[in-house]
Amino acid sequence: MTKIDIFSGFLGAGKTTLISKLLKEALADTKVVLIENEFGEIGIDGGFLQESSIEIKEMNSGCICCSLVGDFGTSLKEVLDTYTPERILIEPSGVGKLSDVMKAVQDAMTDRDVRLNSAVAVVDACKCKMYIKNFGEFFVNQIEHAGTIVLSRTDKLSEEKLSACVALIREYNAKATIITTPWDALEGKDILETIEGAKDLEAELMREVMKMQEEHHHHHDHGPDCTCGCHDHGHEEHEHHHDGHGGHGHEHHHDHEEHEHHHDCEEHERHHDHEGHAHHHDHEGHGHHHHADEVFTSWGLETPAVYTKEEISHILAELDREEACGLVLRAKGMVPGADGGWIYFDYVPEESNVRDGKPGVTGKICVIGSKLKEEKLGELFKK
């Protein structure tokens with residue numbers, strides 16, 4: 001199986017720099033072919049990238065989404081037959097539409113053991129607003145169809161302007177992961193893992209809670225003398241209604257059956273819908289077992305905001321207040337620190353840990369619990 005990764009990005013966004021970083025720090029031991037498509041007569045980047053010891057098939061007669069769509073299948077098959085790569089990276093022209101590139105790849109995949117692994121858009125954070133205004137059709141298309149959006153030059157922006165850039169992108173793509181941390185602070189393998197969806201804080205915590213719940217309810221006999229308290233939830237009918245926040249009125253739900261994430265355009269919060277909003281638990285008899293996704297809700301935030309350890313410690317102490325926050329059972333996060341480093345934290349009731357950690361692709365916070373007061377959580381963590 002050959003993985004195909006598309007790295008789109010407007011002119012000068014930094015596609016070549018990002019690809020070079022990934023080749024050096026994440027794909028050094030992988031058999032990779034780069035398919036470049038320069039818009040113009042000469043493939044400028046070909047010579048530069050050849051020091052990475054990969055084969056380059058340059059296509060200089062036009063852009064992949066225009067005149068080369070018809071020939072792309074032939075070119076891709078030639079690459080597969082000649083090099084049998086583990087992975088193919090496609091770097092289309094900066095003025096190409098990502099949707100057209102993706103369609104060209106899909107059309108060329110017939111009868112081949114290949115998979116479209118990812119679609120990435122590299123976006124210059126400093127020029128995002130200007131490009132949307134002046135080159136909307138091409139620029140917005142790349143944002144709309146990307147699974148991961150990698151922001152470049154974020155070190156040149158204030159926290160306020162970076163947040164505004166993220167909010168603007170969210171207007172066009174509510175689901176993509178947005179990498180906001182400066183590239184120099186990240187390892188290539190961490191960027192690649194994020195692109196491939198290997199790291200999801202919410203999924204990780206939900207697995208922990210589900211495992212805990214299963215062990216609690218399924219690994220012992222619920223006899224008449226059982227004191228586990230599993231039927232003592234105090235709520236026979238759980239009803240969760242989560243309203244979207246932010247100026248655009250988007251609602252953000254998480255269905256734990258389908259694992260879909262809808263992100264708020266302005267506040268980047270995740271609000272979660274559990275199978276039609278209502279859960280009816282049968283408490284007649286001792287044979288009924290509850291699943292974690294029937295009982296627990298989760299709240300999350302992706303943010304480039306900077307925190308101090310003192311601020312995080314204070315927030316975690318507030319999570320113990322059930323009347324204010326709801327019943328918080330688990331919280332975890334990684335956020336940029338005010339001293340230039342990164343802060344990692346873990347929380348369980350009446351116990352927390354705040355420590356230094358390596359840079360993440362963007363600040364992430366996730367809280368798991370029951371009857372969570374999402375508005376209060378937003379007030380605690382928002383800056």
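This is a short walk through one predicted protein model, from its overall make-up to a few individual residues.

Let's start with the whole chain. The protein has 13 helices and 15 strands. There are 383 residues, and buried ones make up 51% of them. The accessible surface is about 18,000 Å². Carbon and sulfur atoms account for 47% of that surface. Now contacts. Take those between residues at least 6 apart in sequence: 72% of them join residues at least 24 apart.

Next, confidence. The mean pLDDT is 76, and 68% of the residues score at least 70. Which elements mark the two ends of the range? Helix α11, residues 309-318, has the highest mean among the elements, at 97. Strand β10, residues 278-280, has the lowest, at 35. Residues 39-44 have pLDDT below 50, with 10 contacts in the model beyond near neighbours in sequence. Then look at residues 224-293. pLDDT stays under 50 there too. The model still has 167 contacts for that stretch beyond four places in sequence. A caution applies: where pLDDT is low, the predicted coordinates should not be read in detail.

On to the interior. The largest nonpolar core holds 40 residues. Which of them touch the most other members? Those are Ile88, Ile90, Ile149, Leu151 and Ile169. Let me stay on Ile169. Leaving aside neighbours within four places in sequence, Ile169 contacts Val123, Cys128, Ile143, Ile149, Leu151 and Ile178. So two of the names you just heard, Ile149 and Leu151, come back in that list. Another core lies apart from this one. That second core has 22 residues, including Ile312, Cys325, Val328 and Phe345.

Now the rings. The count of aromatic pairs is five. I will show two. Phe10 and Tyr131 make a tilted pair, 4.7 Å centre to centre, with 55° between the planes. Where do they sit? Phe10 is in the loop between β1 (2-9) and α1 (15-25), while Tyr131 is in helix α5, residues 128-134. The two are 121 residues apart, and the pair links distant parts of the chain. Both Phe10 and Tyr131 are buried. Phe139 joins them: ring pairs link Phe10, Tyr131 and Phe139 into a cluster.

The second pair is Phe345 with Phe381. These rings are stacked, 6.2 Å centre to centre and 20° between the planes. Phe345 lies in strand β13 (residues 342-348) and Phe381 in helix α13 (residues 374-381), so the pair ties together parts 36 residues apart in sequence. Phe345 is buried, as is Phe381. Recall that Phe345 also belongs to the core of 22 residues.

One ring has a charge for company. The charged end of Lys97 sits over the ring of Phe138, 5.7 Å from the ring centre.

Last, two backbone points. Arg153 has a positive phi, near 60°, and is not a glycine. Arg153 is in the loop between β6 (148-152) and α7 (159-170). Glu350 also has a positive phi, near 65°. Glu350 is in the loop between β13 and β14 (351-357). Buried or exposed? Glu350 is exposed, with a relative accessible area of 74%. Arg153 is partly exposed, at 34%.

Definitions and conventions. Residues numbered from 1 in each chain as written. Predicted model: local features only at pLDDT ≥ 70, side-chain atom pairs only at ≥ 80, totals over all residues. Heavy atoms only, no water. Helix = DSSP H or I, 4+ residues; strand = E, 2+ residues; numbered from the N terminus. Buried < 20%, exposed > 50% of the residue type's maximum accessible area, 1.4 Å probe, protein only. Contact = heavy atoms within 4.5 Å. Areas by Shrake-Rupley, 256 points an atom, 1.4 Å probe, with all protein chains shown as cover. pLDDT = per-residue confidence, 0-100. Phe/Tyr/Trp six-rings, centres within 6.5 Å; stacked < 30°, edge-to-face > 60°. Lys NZ or Arg CZ within 6 Å of the ring centre and 35° of its normal. Core = buried A, V, L, I, M, F, W, Y, C linked by side-chain atoms within 4.5 Å.
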